[in-house]
Amino acid sequence: MHDPADFVLQAEQDHQVSLIVLGPRKRSRVGKLLMGSIAQRILIEADCPVLAVKAQN
């Protein structure tokens, strides 16, 4: 399991997580297109609530 999203989603199932908190990094539009978004995948596939927190500038 090399995909960080797979790791987070599996941990959610294994440990009966009630909330996932993410701190997504800012990426260019091209970077998101080429590499996908781990945070976006977790937001879509997680069974529990997900909170995305924007970092301060």
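Let me start with E45, which is partly exposed, with a relative accessible area of 42%. I begin there since the residue belongs to the part of the structure that I want to spend most of our time on, and I should say at once that what we are looking at is a predicted model.

E45 forms a salt bridge with R41, and the closest N and O atoms of the two are 3.0 Å apart. Both residues sit in helix α3, four positions from one another, which is about one turn of the helix. So which other residues belong to the network of salt bridges that holds R41 and E45? The network links D3, D6, R41 and E45, and the structure as a whole holds three salt bridges.

Taking the remaining partners of R41 in turn, there is a salt bridge between R41 and D3, where the closest N and O atoms come to 2.6 Å. This pair connects distant parts of the chain, given that R41 is in helix α3, residues 38–45, while D3 is in the segment before α1, 38 residues away. The side chains of R41 and D6 also meet in a salt bridge, at 2.6 Å from N to O. Because D6 lies in helix α1 and R41 in helix α3, this pair ties together parts of the chain that are 35 residues apart in sequence.

Are these residues buried, exposed or something in between? R41 is partly exposed, with a relative accessible area of 25%, and D3 is likewise partly exposed, at 29%. D6 has a relative accessible area of 31% and is partly exposed as well. The cut-off matters for reading these values, because a residue counts as buried under 20% and as exposed over 50%.

Let me now step back to the overall layout. The secondary structure of the protein comes to three helices and two strands, and from the N terminus on, the elements run α-β-α-α-β. The protein has 57 residues, of which 18% are buried. If we consider the contacts with a separation of 6 or more, residues 24 or more positions apart account for 70% of them, and with that figure in mind it may be useful to look again at the pairing of R41 with D3, whose positions are 38 residues apart.

How confident is the predictor, and where is its confidence lowest? The mean pLDDT of the protein is 84, and 84% of its residues reach 70 or more. Confidence is highest in helix α1, residues 4–15, with a mean of 95, and lowest in helix α2, residues 29–35, with a mean of 63. For our salt bridges, I would point out that D6 lies in helix α1, the element where confidence is highest.

Turning to the surface, the largest pocket has a volume of about 280 Å³. Ten residues line this pocket, and the closest to its centre are P24, R25, R27, S37 and A39. By character, the lining divides into four nonpolar, two polar and four charged residues.

Of the residues just named, S37 lies in the loop between α2 and α3, and S37 is partly exposed, with a relative accessible area of 26%. S37 and A5 are 32 residues apart in sequence, yet their C-alpha atoms are 9.0 Å apart in space. A39, another of the residues closest to the pocket centre, is 16 residues from G23 in sequence and 8.2 Å from G23 in space, C-alpha to C-alpha. G23 itself is found in the loop between β1, residues 20–22, and α2, and G23 is exposed, with a relative accessible area of 59%.

One last detail concerns the backbone. Most residues other than glycine have a negative phi. Which value does phi take at Q16? Phi of Q16 is near 50°, a positive value in a residue other than glycine. Q16 is found in the loop between α1 and β1, and with a relative accessible area of 72% Q16 is exposed.

To close where I began, R41 forms salt bridges with E45, with D3 and with D6, and these four residues are linked in a network.

Technical notes
Residues numbered from 1 in each chain as written. Predicted model: local features only at pLDDT ≥ 70, side-chain atom pairs only at ≥ 80, totals over all residues. Heavy atoms only, no water. 1 Å grid on protein atoms, 1.4 Å probe; cavity = no way out; pocket = protein on both sides within 12 Å on 5 of 7 lines; lining within 4 Å. Points joined across faces, edges and corners; volume = space filled by probe spheres on them. Nonpolar A, V, L, I, M, F, W, Y, C, P; charged D, E, K, R; others polar. pLDDT = per-residue confidence, 0-100. Buried < 20%, exposed > 50% of the residue type's maximum accessible area, 1.4 Å probe, protein only. Contact = heavy atoms within 4.5 Å.
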